[in-house]
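Open the model in your viewer and keep the selection tool at hand. The stops below say what to select and what is there.

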Amino acid sequence: MHKIYETYCFGSTKDNCSFVFVTKKHLENINNSDDLKKLSLGELSPLAQELRDFIIDIVSVKKGHLGASLGVVELTIALHYVFDTPDDLLVWDVGHQAYPHKILTGRRELFHTNREFGGISGFPKLGENKYDAFGTGHSSTSISAALGMSIASKLKGEINKQHIAVIGDASIASGMAFEGLNHAGVADSNLLIILNDNEMGIDPNVGALKNYLTSVKQGVDTHQKNLFEALDLSYSGPFDGHNISKLVEELERLKTVSGPKLLHVITKKGKGLRNAENDQVTYHAPGPFDKVSGELISHDELDLPLKFQDVFGLTLVELAEKNEKIVGITPAMPTGSSLKYMIEKFPERAFDVGIAEQHAVTLAAGLATQGMLPFCAIYSTFLQRAYDQIIHDVALQKLPVVFCIDRAGLVGEDGPTHHGVFDIAFLSCIPNMSIFSPIDEIELRNILFSVQSGLDGPIAIRYPRGRGSTSDWKQKFTRIEIGKGRTIRKGKKLAILTLGPIGEVIRRLSKKEKYLDLGHYDMRFAKPLDEELLTDIYTGYDHIITIEEGVVKGGFGETVLAHANRKTGMNIKVHNMGIPDLFVEHGNMGQLNRKVGLDEKSIEIQIDNIINGKNS
């Protein structure tokens, strides 16, 4: 039997191509769930292999979330084979396991644009495709969303309509998932929850629920009613999530069972690629790799600056060696936040609490009441989920909690669900809160040192995804005074006030001869503002440009503008640059910075316009 191939060219020209040949005997004919249903049950396993190979081929070159998607290939096929999607509604929790779903539902030809600027999203997205019933990106939302859909169908009399939420065992440990489970058990609507159990989030799962699920899988008598049955859910499983015929059989049965139910399936993250199965943390989103051997395509990083997250993690260990009050906390991101270094060195003083941002913040508050100094390492986009706890449990009580906010600013290909652009705005309005953003790794190191010697209240330290600007970051500690900015260079007429690493752009521009009269001030703190320094700036310049890697509305720049307006007798114009009032799409950082006007060229144009009187 001859093989059918489809060819993709990755590159801007025919001379700059990386060709990928994909065997697609079955896959090339699947554009929707109706096409899938034309296959016999015996043809589904060969389709699964083709689909898995297709994902490996594309992601090996284009990058993306690999391991989770490889783990749900058979489950995805079975779901679309059995249920009448998109009329039956399918919600993928988090969404980083939705690549098979996207490929089978009309986006195979577009999949090479996954996560690219102008291409398809790396996550399910309302409006992108009719099969994407709900937009996801953060964890533990699927049960609540699908339950809401099922209640709506019940109210409309659509009693035969199916509603499916696929959630991982890491995500189901989150408080929001339990809230959904608690309601689902009494809602009496047509909801199927599929627990995709692979013992992995991005890092290995932790906690008592993980231990319980391990006991269930091993057939251990837990001396208690099944947890899910206790919540009035009809439970079935555990089933092998890679046995496609058994999955189809059980899903067909569950279609006839009314009310809320939970199917427990066991899958292997990275299934089908040996390296991804053996190193599930690295191959969650591995970057380019050899599609045959699975080996990562290495890049010489010896001379590159360290990532901000690693500067944080290594510095925290250095400080914790001398300060026994330091405790580290992260919600399920020990590798991503680099708290892993402290967990390895001081396991009794560093905690991965699972996908539980609210718990992480209030746990930190409890530790702080007893004289400990908690460093709570959370991505900016995930800190949004613990806003009440920041206000009610930490700031209101003026507790010394250090929020180490990783992935602040735009983050690239993960897109709007993961951009960390709101934290300055949503933290600035909270009393007792300080907000610091280092221009480089040395400043990050120094603020970590400064806060561990004593705090009057909480502080947020925000830093970006990726690498800094200097390899010589491990220098002698220097104390930073809370609320004090610094003068990089004095100038005339136009002052640039930067917050965070965007200041490096102004450092570079300032070296140009035409900008020798630019004033540059690294403000460091979005709150409290350095009012003394600002007053000096107001009297020495005609114009100010504020630049921040966060939303303009409610951000640092508007705070400076409001402060300037309160000053009487000041004849100075303030221009704010930052993220505009929109959700920024996915794409590489260069493309996104150009889109929002924070690339070097856009900043230079703004400076030139003001200098030349075109933007008065």
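Which residue in β13 is the bridge partner of Phe-436? Select Phe-436 and look across to β13: the partner is Ile-461. Bear in mind throughout that this is a predicted model.

**The seven-stranded sheet**

Now select both strands in full, residues 434-436 for β12 and residues 459-462 for β13. The two run parallel and are joined by three bridges. Widen the selection to the sheet they belong to, an open one of seven strands with mixed pairing. Read across, the order is β9-β8-β10-β11-β13-β12-β17. The edges are β9 (350-352) and β17 (525-527); each has a single partner strand, so one side of each has no neighbour in the sheet. On average, neighbouring strands here are turned by 20° against each other, direction ignored.

**Strands β18 and β19**

Go next to β18, residues 541-551. Six bridges join β18 to β19, and the two strands run parallel. To find a matching position, select Ile-545, which stands opposite His-575 in β19. Is β19 largely enclosed or left open? Five of its seven residues are buried, so β19 is largely enclosed by the rest of the structure.

**Aromatic rings**

Show the side chains of the aromatic residues; the count of aromatic pairs comes to eleven. Begin with Phe-228 and Tyr-235, whose ring centres are 6.0 Å apart. Their planes meet at 5°, so this pair is stacked. Both Phe-228 and Tyr-235 are buried.

Then select Phe-422 and Phe-583, an edge-to-face pair with 6.1 Å from centre to centre and 70° between the planes. Phe-422 is in the loop between β11 (402-406) and α18 (423-428), while Phe-583 is in the loop between β19 (573-579) and α23 (589-596). The pair therefore ties together parts that are 161 residues apart in sequence. Phe-422 is partly exposed, at a relative accessible area of 26%, whereas Phe-583 is exposed, at 66%.

For a group of three, select Phe-54, Tyr-99 and Phe-111, which form one aromatic cluster.

**Arginines over rings**

Two arginines are worth selecting together with a ring. Arg-349 lies over the face of Phe-346, 4.6 Å from the ring centre. Arg-445 lies over the face of Phe-477, at 4.0 Å from the ring centre.

**Helix α2**

Select residues 44-62 to bring up helix α2, which has 19 residues. From first C-alpha to last it reaches 26 Å, close to the 27 Å expected at 1.5 Å a residue. Add the residue that follows α2, Lys-63, whose phi is positive, near 70°.

**Cysteines**

Last, select the cysteines. How many disulfides does the structure hold? There are zero. The closest cysteine sulfur to that of Cys-404 is in Cys-376, 8.1 Å away, which is too far for a bond. Cys-404 counts as buried because its relative accessibility is 1%. Cys-429 is in no disulfide either, with its nearest cysteine sulfur, again that of Cys-376, 19 Å away. At 54% relative accessibility, Cys-429 counts as exposed.

Terms used. Residues are numbered from 1 along each chain as its sequence is written. This is a predicted model: local features need pLDDT of at least 70, side-chain atom pairs count only at pLDDT 80 or more; totals for chains, interfaces and linings use all residues. Side-chain values use heavy atoms; hydrogens and water are left out. Two strands pair if DSSP finds at least two bridges between them. Helices (H or I, at least four residues) and strands (E, at least two) are DSSP runs, numbered from the N terminus. Axes are lines fitted to C-alpha atoms, for helices over the stretch in contact, and angles run from 0 to 180 degrees between N-to-C directions. Rings of Phe, Tyr and Trp (its six-membered ring) pair if their centres lie within 6.5 Å; planes under 30 degrees apart count as stacked, over 60 as edge-to-face and the rest as tilted. Buried means under 20% relative accessible area, exposed over 50%, partly exposed in between (1.4 Å probe, protein chains only). A charge sits over a ring if NZ of Lys or CZ of Arg is within 6 Å of the ring centre and within 35 degrees of the ring normal. The expected span of a helix is 1.5 Å times one less than its number of residues. A disulfide is a pair of cysteine sulfur atoms within 2.5 Å.
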